[in-house]
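Q: I would like a close look at one part of this protein model. Please treat one residue in detail and then place it in the wider fold.

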Amino acid sequence: MTEHEKMFSEEGIKIKALIAKIKQSPELIELFSENSKSEVPIAGTINSRFISRRIDRLLIDDTNKTIKILDYKTDMDTDIRKNSYIAQINEYAQLLRAIYPTYKIFGYILWTHNFLLENIHIKAV
């Protein structure tokens with residue numbers, strides 16, 4: 001096996017393990033379903049400041065009037081920038097609330113180094 005083939009084989013094993021982990025988590029299965037979207041651009045104004053962002057995963061459920069936001073983070077130390085990540089997800093929520101004012105919004109961080117899914121508190125308006 002060449003070095004190139006070995007690298008792709010190892011990457012394939014990692015991807016298969018990641019897919020297995022997603023399938024084991026009911027919250028993640030939903031966020032990776034065909035009803036969800038990835039890399040969703042969103043823009044708007046918050047406190048007179050124009051904001052343009054890209055949401056990693058977004059699930060809008062019109063039947064239940066819920067929105068789920070998922071952001072991937074690769075940090076090994078989950079505490080260093082956590083507050084700025086929470087603020088970022090709350091910005092997404094605030095921008096989405098302008099479009100979907102009656103929907104309940106949930107936010108999550110997926111820490112990719114240990115595959116921990118963390119529920120993020122979404123501030124009320």
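With which residues is Asp71 in contact, once its neighbours within four places in sequence are left aside? Please also say whether Asp71 is buried or exposed.

A: In this predicted model, Asp71 is in contact with Asp56, Gln88, Ile89, Tyr92, Tyr108, Ile109 and Leu110, leaving aside its neighbours within four places in sequence. Asp71 itself lies in strand 3. It counts as buried because its relative accessible area is 2%, and the cut-off for that class is under 20%.

The contacts of Asp71 can be placed on the elements around it. Asp56 falls within strand 2 (49–61), and Tyr108, Ile109 and Leu110 fall within strand 4 (104–111). Gln88, Ile89 and Tyr92 belong to helix 3, where they are among the buried residues.

Asp71 also takes part in a salt bridge: its side chain meets that of Lys73, at 2.9 Å from N to O. Side chains of opposite charge can pair when their charged atoms come close. Both partners are buried, Lys73 with a relative accessible area of 11% and Asp71 with 2%.

Helix 3 supplies part of these surroundings. It runs over residues 82–99, has 18 residues and reaches 26 Å from its first C-alpha to its last, close to the 26 Å expected at 1.5 Å a residue. Its buried residues are Lys82, Tyr85, Gln88, Ile89, Asn90, Glu91, Tyr92, Ala93, Leu95, Leu96 and Arg97. In an α-helix there are 3.6 residues a turn, so residues three or four places apart point the same way. The buried residues of helix 3 pack against strand 1 (37–46), strand 2 (49–61), strand 3 (66–73), strand 4 (104–111) and strand 5 (116–120). Strand 3, which holds Asp71, is thus one of the elements that meet the buried residues of this helix.

Other charged pairs can be set beside that of Asp71 and Lys73. The salt bridges come to seven by count. One of them joins Arg81 to Asp75, the closest N and O atoms being 3.2 Å apart. Arg81 is partly exposed, at 45% relative accessibility, whereas Asp75 is buried, with a relative accessible area of 11%. Asp79 and Lys82 form another, with 3.9 Å between the closest N and O atoms. Here Asp79 counts as exposed because its relative accessibility is 55%, while Lys82 counts as buried at 18%. In addition, Arg49, Arg53 and Glu91 are joined into one network by salt bridges that share partners. Glu91 is also among the buried residues of helix 3.

Strand 2 can be followed further through Leu58, which is found in that strand. Leu58 counts as buried because its relative accessibility is 6%. Beyond its neighbours within four places in sequence, Leu58 is in contact with Ser36, Lys37, Val40, Ile67, Lys68, Ile69 and Leu96. Leu96 is one of the buried residues of helix 3, and Ile67, Lys68 and Ile69 fall within strand 3 (66–73). Leu58 and Lys37 lie 21 residues apart in sequence, yet their C-alpha atoms are 5.2 Å apart in space.

Two residues deserve a note for their backbone angles. Glu39, found in strand 1, has a positive phi of about 50 degrees although it is not a glycine. It is partly exposed, at 40% relative accessibility. Ser48 lies in the loop between strand 1 and strand 2; its phi is near 65 degrees, a positive value in a residue other than glycine. Ser48 is exposed, with a relative accessible area of 77%.

The wider fold gives the setting. The protein chain has three helices and five strands, in the pattern α-α-β-β-β-α-β-β along the sequence. Its C-alpha trace spans about 55 × 35 × 20 Å along the principal axes. Of its 125 residues, 38% count as buried, Asp71 being one of the buried residues. Among contacts with a separation of 6 or more, 55% come from residues 24 or more positions apart. The accessible surface comes to about 8,300 Å², and carbon and sulfur atoms make up 53% of that surface. As for charge, the mean positions of the 18 positive and 17 negative charges are 5 Å apart.

Technical notes
Residues are numbered from 1 along each chain as its sequence is written. This is a predicted model: local features need pLDDT of at least 70, side-chain atom pairs count only at pLDDT 80 or more; totals for chains, interfaces and linings use all residues. Side-chain values use heavy atoms; hydrogens and water are left out. Helices (H or I, at least four residues) and strands (E, at least two) are DSSP runs, numbered from the N terminus. Buried means under 20% relative accessible area, exposed over 50%, partly exposed in between (1.4 Å probe, protein chains only). Contact means heavy atoms within 4.5 Å. Accessible areas come from the Shrake-Rupley method with a 1.4 Å probe; for residues, only the protein chains shown count as cover. Lys and Arg count as positive and Asp and Glu as negative; His and the chain ends are not counted. The place of a charge is taken as NZ of Lys, CZ of Arg, CG of Asp or CD of Glu. The expected span of a helix is 1.5 Å times one less than its number of residues. A salt bridge is a side-chain nitrogen of Lys or Arg within 4 Å of a carboxyl oxygen of Asp or Glu.
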